[in-house]
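Dear colleague,

I am passing on the structure we talked about, together with some notes on what came out of it. Please keep the model open while you read, since the notes go from one part of the chain to the next.

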Amino acid sequence: MASSLLLAVVFVFDLIAFALAVAAEQRRSTANLAQNIEGRKYCQYDSDIATGLGVGSLFILVASQVIIMVVTRCLCCGKAMRPSGSRSWAICLFITTWLTFLIAASCLLAGSVRNAYHTKYRDLLGERAPSCQTLRKGVFGAGAAFIVLTGIVSELYYVSFSKANNGGALPYARDTGVTMSNL
């Protein structure tokens with residue numbers, strides 16, 4: 001059967017990754033238009049902590065995914081699973097896990113990169129004020145939502161994989177009850 005300790009560790013990792021992604025959403029960079037001594041306008045950005053929170057969330061999400069994939073041997077390595085409904089669910093959930101993981105990782109990575117990008121003097125020669133570009137609201141939030149989905153689906157995948165692997169004896173290994181012997 002599935003290991004409760006492994007399920008608890010993966011749950012805690014996903015919970016920490018979710019909390020960091022929500023914190024990154026709350027602490028996104030904001031910009032204000034300021035003027036230097038020479039009279040040129042520039043963008044002044046506040047704290048850049050959201051980038052670190054987003055990258056930290058990404059690393060913990062990757063660690064959670066690696067733990068599940070190492071334990072299940074990434075579905076393709078190791079002994080064959082018993083043909084059953086659990087095997088079908090394990091295959092579907094394996095694909096769904098990777099899909100939701102890739103979406104969550106790309107949201108976190110794109111959000112972290114975009115949050116770290118700051119324009120300083122964009123229009124040096126023009127009279128227009130520079131555009132102070134910041135990260136759009138909801139990128140880290142989408143990553144957090146997909147972290148939750150990844151956590152749920154990866155734990156369901158692990159449980160169905162365990163059922164398909166440890167479901168008992170193979171159908172042809174059962175005793176039929178009637179034995180024949182040589183006369």
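Helices here are DSSP runs of H or I with at least four residues, strands are runs of E with at least two, and both are numbered from the N terminus. With that in hand, Arg73 can be placed in the loop between α2 and α3. Please bear in mind throughout that this is a predicted model.

To begin with the chain as a whole, there are 4 helices and 2 strands, and reading along the sequence gives the order α-β-β-α-α-α. The chain has 183 residues, of which 32% count as buried. If one takes the contacts between residues at least 6 apart in sequence, 81% of them join residues at least 24 apart.

The UniProt record, an unreviewed entry, annotates residues 55-76, 88-111 and 139-159 as "transmembrane region". In the model, residues 88-111 are 100% helix and 0% strand, with 35 Å between the end C-alpha atoms, while residues 55-76 are 77% helix and 0% strand, with their end C-alpha atoms 29 Å apart.

Next come the helix pairs. Helix α2, residues 49-71, packs with helix α3, residues 85-116, at an angle of about 160 degrees, and their axes are 8 Å apart. Because angles over 145 degrees count as roughly antiparallel, α2 is described as roughly antiparallel to α3. The crossing of these two helices, α2 and α3, is left-handed. On the α2 side the contact includes Gly54, Leu58, Leu61, Val62 and Gln65, and on the α3 side it includes Phe94, Trp98, Phe101, Leu108 and Leu109. Sorted by class, the residues of the contact of α2 with α3 come to 14 nonpolar, 7 polar and no charged.

The pair formed by α3 and α4 packs at an angle of about 155 degrees, with axes 7 Å apart, and α3 is therefore roughly antiparallel to α4. Here too the crossing, of α3 past α4, is left-handed. The contact of α3 with α4 has 20 nonpolar, 10 polar and 2 charged residues.

Three single residues may be worth finding in the viewer. Phe101, in helix α3, is buried, with a relative accessible area of 8%. Leaving aside neighbours within four places in sequence, Phe101 is in contact with Leu61, Val62, Gln65 and Thr150, and the first three of these names also appear among the α2 residues that meet α3. The C-alpha atoms of Phe101 and Ser154 are separated by 9.2 Å, although these residues are 53 residues apart along the chain.

Gly141 belongs to helix α4, residues 139-165, and is partly exposed, with a relative accessible area of 30%. The C-alpha atom of Gly141 is separated from that of Ala24 by 8.4 Å, and the two residues are 117 residues apart along the chain.

To return to Arg73, what stands out about its backbone? Its phi is near 55 degrees, which is a positive value in a residue other than glycine. As for accessibility, Arg73 counts as partly exposed at 38% relative accessibility.

With best wishes

Technical notes
Residues are numbered from 1 along each chain as its sequence is written. This is a predicted model: local features need pLDDT of at least 70, side-chain atom pairs count only at pLDDT 80 or more; totals for chains, interfaces and linings use all residues. Side-chain values use heavy atoms; hydrogens and water are left out. Axes are lines fitted to C-alpha atoms, for helices over the stretch in contact, and angles run from 0 to 180 degrees between N-to-C directions. Angles under 35 degrees count as roughly parallel, over 145 as roughly antiparallel, 65 to 115 as roughly perpendicular and the rest as oblique. A crossing is left-handed if the near helix is turned anticlockwise from the far one by less than a right angle, and right-handed if clockwise. Contact means heavy atoms within 4.5 Å. Ala, Val, Leu, Ile, Met, Phe, Trp, Tyr, Cys and Pro count as nonpolar, Asp, Glu, Lys and Arg as charged, and the others, Gly among them, as polar. UniProt positions are given in the numbering used here, feature names are shortened, and annotations may be inferred rather than shown by experiment. Buried means under 20% relative accessible area, exposed over 50%, partly exposed in between (1.4 Å probe, protein chains only).
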